[in-house]
Amino acid sequence: MSISKRPSKLSLPQVNPGVSTVLEYLLLKFPAINDATWRERMATGKVHRDDGTWITPASPFKPQLRVFYYREVASEPSIPFAEHTVYQDEHILVAYKPHFLPVTPGGRYVNECLQQRLRKSTGIETLQPVHRLDRVTAGLVLCSLNPETRALYHQLFKSRQIHKTYQAIAEVDGNKSWVGQQWGVKNRIEQNEQRFRMRVTEGDANSHSVIRCVQQTDTQALFELHPVSGRRHQLRLHMQALGWPILNDRYYPVLQPLSPDDVTRPLQLLSKGFEFTDPVTNEPKCIEYDGDLTLN
């Protein structure tokens, strides 16, 4: 059993969804966790208020009540790849995240995530990522160290004031050279019927990427990708739209059957670098990972 050393927290909604107790709300909010599990957690103090007092099965639902709980999984996978710090100052830390490692706790992962590993290795309990990166994608993640300036770095991503560079590899027809060519992809991306996938639909574009081919062999090509917007799975869908799905993508264009991670075949997508004006110092920053994806 893996148990988080730090609590997760949620605030009960302002509008009651039709429940009487906190327990009933938790069962509604987290349908994959059964009644017996929540009762066991409550009986051992693993569900509590912000003042530390325990929440019991009889605790009434109260709008905006803050609930703290400790995530636990019966068997947590071990990710056999290491992260490392690329840049650090008093406000931020930028780390390289390997393939298959989630950024934050979720699903089967409690302690095997970038946030928890970095908190343990640096001793900085306030460390918190300020943007997302898919578990199967490798590359740079920007983390805030100082809660007092955290909102400024969140705003960089929210307002698209940070220029991000990615690399991707796809299979191509070697009879034609694509090196040096560039494409602007704009379309509308919405959630698929399966919540974990996205799809391109009709309508006004809400996503935009600029993609350029930088290297090619007889069977593969290396692309440099610049997302202008930040939709979920945007780059994966935009490469597919060009006719070049990213190598080893298990979601697109066809969803592959659920199976354990194949660490020998990672998704060939890398978060390569960030360029931005630091909102605290007002100085320009260019932070890059010194590795590259390589063609076969």
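**Pro266 and the strand pairs**

Colleague: With which residues is Pro266 in contact, leaving aside its neighbours within four places in sequence?

Modeller: This is a predicted model, in which local features need pLDDT of at least 70, side-chain atom pairs count only at pLDDT 80 or more, and totals for chains, interfaces and linings use all residues. Residues are numbered from 1 along each chain as its sequence is written, and side-chain values use heavy atoms, with hydrogens and water left out. Contact means heavy atoms within 4.5 Å. With neighbours within four places in sequence set aside, Pro266 is in contact with His99, Phe100, Leu247 and Asn248.

Colleague: Is Pro266 buried or exposed?

Modeller: Pro266 lies in the loop between helix 5 (234-241) and strand 15 (269-277); helices (H or I, at least four residues) and strands (E, at least two) are DSSP runs, numbered from the N terminus. Buried means under 20% relative accessible area, exposed over 50%, and partly exposed in between (1.4 Å probe, protein chains only). The relative accessible area of Pro266 is 15%, so Pro266 is buried.

Colleague: Which strands stand at the edges of the open sheet?

Modeller: Two strands pair if DSSP finds at least two bridges between them. Three strands form the open sheet, antiparallel and in the order 2-4-3. One side of each edge strand is left without a neighbour in the sheet because each has a single partner strand; these are strand 2 (8-11) and strand 3 (47-48).

Colleague: Which residue stands opposite His84?

Modeller: Strand 6 (residues 84-88) pairs with strand 7 (residues 92-97) in the antiparallel sense over four bridges. The two form a hairpin with three residues between them. Opposite His84, in strand 7, stands Tyr96.
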